[in-house]
Amino acid sequence: MAEKSMTLPPEMESQVEALKGLLLDIQETKTDPEELAAISKNEAELNAAGKKPKQSIVKSQLALYKKELQNTTQEIERINKALEHIADMRKNYFSSLSTALKGCPKEISTELAALKETAETLPLWVGENDEEVPPLCGAIQTDVSYVAKSSDMAAAFVTVKHGLQEWILAKVVNYDLTTEEYKIQDIDEKQKSTYVLKKEKVIPLPIMRANPIENPNAIFPKGTVILALYENTTCFYKGVVHEPPATPFEPYQISFEDNDCDNGYSPPINVPQRYVLAFRSFETE
């Protein structure tokens, strides 16, 4: 059966138009190249003048610097606003798709394709100079004080039917500061189960991809034992990194534990960065 193409939910069309407006505003308000040329010209005149530059040139340069600083600050604000809008669109897109697929088992491949798409389009982190890779980028974990926000995606260790315990893909509903417990919801709309879990049983998913070339420390190396989302499921299982990604666009190759295989591990399976997490286990309760 041919896989259906994924289209944008109609209710998100206004969000797309709003994003176009934000991006157009960023482009139209970028600094005029002539203004940058004027700054460079004045800078050259100041350097040529040595310790006794003309006050008119100094005043002119200060005015140009001040204007450019203001322009840059405003551009950063516009870019951040666009990024926040994109993040909201991503959440709404997945939510809309999950709702549309509710009660339609034949469409599960499309739902899983949506999970893959959201992972592959995860923003790529680009640092400046020697800037340290932040938490939730690739393999970089958060510290114990971190609290995931409502609607954030996470892996959650839950007890399902027949007392079976497993790691599932879930969405954070809220966090209780008093009890230090999360309320999470199974991402599988057919289950729609909710759970209350201690913080250590919830692992927030990365919100940015890491560049293996620029930041290899943010990538799990070959041989690392991890938790990863198994293909065509919404569950995480124990595995080992067979090959890490070599570029920002490549997935991991993960070999999962499998007693039916001669060496105890399955043949390598591609898994996007977002769904490969540091291994964590609990004794059976």
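Select helix 3 (residues 55-101) to begin: this helix gives the most to the lining of the second largest cavity, with 3 residues. The model on display is a predicted one.

**The cavity at helices 2 and 3**

Add helix 2 (residues 33-49) to the selection; helix 2 and helix 3 each supply at least two residues of this lining. Next, show the side chains of Glu35, Ile39, Leu64, Lys67 and Glu68, which line the second largest cavity. What is the character of this lining: how many of its residues are nonpolar, polar or charged? The lining has 2 nonpolar residues and 3 charged ones, with no polar residue among them. The space enclosed here is about 30 Å³. In the structure as a whole, 2 cavities of 30 Å³ or more are present.

**Strand 7 and its partners**

Now move to strand 7 (residues 235-243) and display its backbone together with that of strand 2 (residues 165-176). The two strands pair in the antiparallel sense over 2 bridges. To locate this pairing, select Ile168 and Cys235; Cys235, in strand 7, is the bridge partner of Ile168.

Keep strand 7 in view and add strand 6 (residues 225-229). Strands 6 and 7 run antiparallel and are joined by 5 bridges. Within this pair, select Leu227 and Lys238: Leu227 stands opposite Lys238 of strand 7. Then follow the chain from strand 6 into strand 7, where the two strands form a hairpin with 5 residues between them. Which residue in the turn has a positive phi? It is Asn232, with a phi of about 60°.

Strand 8 (residues 252-256) is the next selection. Strand 8 pairs with strand 7 in the antiparallel sense, over 4 bridges. Select Gly239 and Phe256 to see one position in this pairing, as Gly239 stands opposite Phe256 in strand 8.

**Confidence along the chain**

Finally, colour the chain by pLDDT. The chain average is 82, and 84% of the residues score at least 70. Select residues 1-6, over which the pLDDT is below 50. Beyond near neighbours in sequence, this stretch has 8 contacts in the model. A further stretch to select is residues 100-107, where pLDDT also stays under 50. For residues 100-107 the model has 6 contacts beyond four places in sequence. Where pLDDT is low, the predicted coordinates should not be interpreted in detail.

Notes: Residues are numbered from 1 along each chain as its sequence is written. This is a predicted model: local features need pLDDT of at least 70, side-chain atom pairs count only at pLDDT 80 or more; totals for chains, interfaces and linings use all residues. Side-chain values use heavy atoms; hydrogens and water are left out. Two strands pair if DSSP finds at least two bridges between them. pLDDT is the predictor's confidence in each residue, from 0 to 100. Contact means heavy atoms within 4.5 Å. On a 1 Å grid over the protein atoms alone, a cavity is a set of points where a 1.4 Å probe fits but cannot get out, and a pocket is an open set with protein on both sides within 12 Å along at least five of seven lines; lining residues have an atom within 4 Å of a point. Grid points are joined across faces, edges and corners, and a volume is the space filled by probe spheres set on the points. Ala, Val, Leu, Ile, Met, Phe, Trp, Tyr, Cys and Pro count as nonpolar, Asp, Glu, Lys and Arg as charged, and the others, Gly among them, as polar.
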